[in-house]
Amino acid sequence: MAGIEPWNHVENGGGGNTIKGTNREFKHGRTAHNMSSSSLRKKSSLSLIQKVKIGPLRRFLTNLQEVILGTKLFILFPAIPLAFVAKYCHFGDAWVFGLSLVALTPLAERLSFLTEQIAFYTGPTIGGLLNATCGNATELIIAIFALYTGKIAVVKYSLLGSILSNLLLVLGTSLFCGGLANLNSEQRYDRKQADVNSLLLLMGLLCHSLPLMFRYASTSSTDLTANPILTMSRVSCIIMLIAYIAYLFFQLKTHRQLFGAQEGDDDDLASEEEAVIGYWSAFIWLAGMTVVIAFLSEFVVGTIEDASESWGISVSFISIILLPIVGNAAEHAGAVIFAFKNKLDITLGVALGSSTQISMFVIPLCVIVAWIMGIEMDLDFNLLETGSLALSVIIAAFTLQDGTSHYLKGLVLLLCYFVIAACFFVLKRPVTEPTNFINMRVGSALSTATNLEA
């Protein structure tokens, strides 16, 4: 109970000067995802703007300064208008795809910033819920547009790639760089947070593996009108969403002390204690950037196949490797920065937390949304993809089991990611949906009938 008492003290309004970094994060519902993105933000000088006499203009310029220039990634913002110019001036789909992908990088970081600003006004529970559910908003928007255009394989590949990227690339790079930067001191982290996320990832792996195993194990051909894999996937997704809701309650309410920042983070996060823009300003900016992300996501989905043909790279490699790396670059960079500072709890919160959110929330939500849209999306990710996911989850879980870290662990995770990336780079198969149960049974029945006639 010792970790909860300071929180109650804050809620009652006392002892504000003695709040440690952990409780400071709980006060505003911040997550490791937000703290990771905050490492790429920079302080804005408002001295010139404050001299503007017109109030509305001064507030607009202040917001513009904080939202656009308040990140180290502001140099990538020109890619946004360039992507629209490339699209509507017909520069070529490869240019549209590349510029849209680059433009999504600063927007993803700014979404995290804006949801955090809103969280300052909504209280810790709603703020934490907002931060926890919007952490992978960019991937979700891209997935919905891909679903709308019927590119189910792209949805599956991109979301699978996000999990692999977080578990192997981000975590591996962080542990490797953190280990090299702290050779003279042992890096330690709280195993409780890692155990919770590993448990949920293993549950998600079970739900993702069952449809594949069912497809190869089933021999029944009594009902050709039903698709049991699709039904099982939808039921599994509902159960996974229930588990994710329980995880949020566990993280934000009953055991929030396990998911806070380390006690030594006070100096690094002191500047994040107050909102820098107003509630409605943050809401309007958030809505506007979401619309821009929606357009860019449509560009990415619509041009991915042409870009694949132009670059000579398979769609599976682009979806599994390139999309997650570029789309989450800001978050990944923040995780590595905190590993350099020997703050692995935040790093693990980013890598494992994002993987858990995609596996237990984004993928099931996409299946449910596809169900509502009348699209048959299931959890059958094919043998190679599911096997890569299974081995990645198991390797990551074994890596984090002892509560300590060194650079060799990170190097092994990185090498595992490079092997998987090489596999999908060499694989040149066309993007097709997994063979569903109906096609298998119909094909088997037709084959049997042909043999009988012969």
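Reader: Does helix 8 pass helix 13 in a left-handed or right-handed crossing?
Author: Helix 8 passes helix 13 in a right-handed crossing (the near helix is turned clockwise from the far one by less than a right angle; anticlockwise would be left-handed). Helices are DSSP runs of H or I with at least four residues, numbered from the N terminus. This is a predicted model, where local features need pLDDT of at least 70, side-chain atom pairs need 80 or more, and totals for chains, interfaces and linings use all residues. Residues are numbered from 1 along each chain, and side-chain values use heavy atoms, without hydrogens or water.

Reader: At what angle do the axes of helix 8 and helix 13 cross?
Author: Roughly 50°, and the axes come within 9 Å (lines fitted to C-alpha atoms over the stretch in contact, angles from 0 to 180 degrees between N-to-C directions). That makes helix 8 oblique to helix 13 (under 35 degrees is roughly parallel, over 145 roughly antiparallel, 65 to 115 roughly perpendicular, the rest oblique).

Reader: Which residues in helix 8 meet helix 13?
Author: Thr 138, Ile 141, Ile 142, Phe 145 and Ala 146. Among their partners in helix 13 are Ile 293 and Val 301, with contact meaning heavy atoms within 4.5 Å.

Reader: New topic. How many aromatic pairs?
Author: The count is 11 (rings of Phe, Tyr and Trp, its six-membered ring, with centres within 6.5 Å; planes under 30 degrees apart are stacked, over 60 edge-to-face, the rest tilted). Tyr 88 and Phe 299 are edge-to-face, with centres 6.2 Å apart and planes at 80°.

Reader: Which cluster is Tyr 88 in?
Author: Ring pairs link Tyr 88 with Phe 84, Phe 295 and Phe 299.

How values were computed:
Helices (H or I, at least four residues) and strands (E, at least two) are DSSP runs, numbered from the N terminus.
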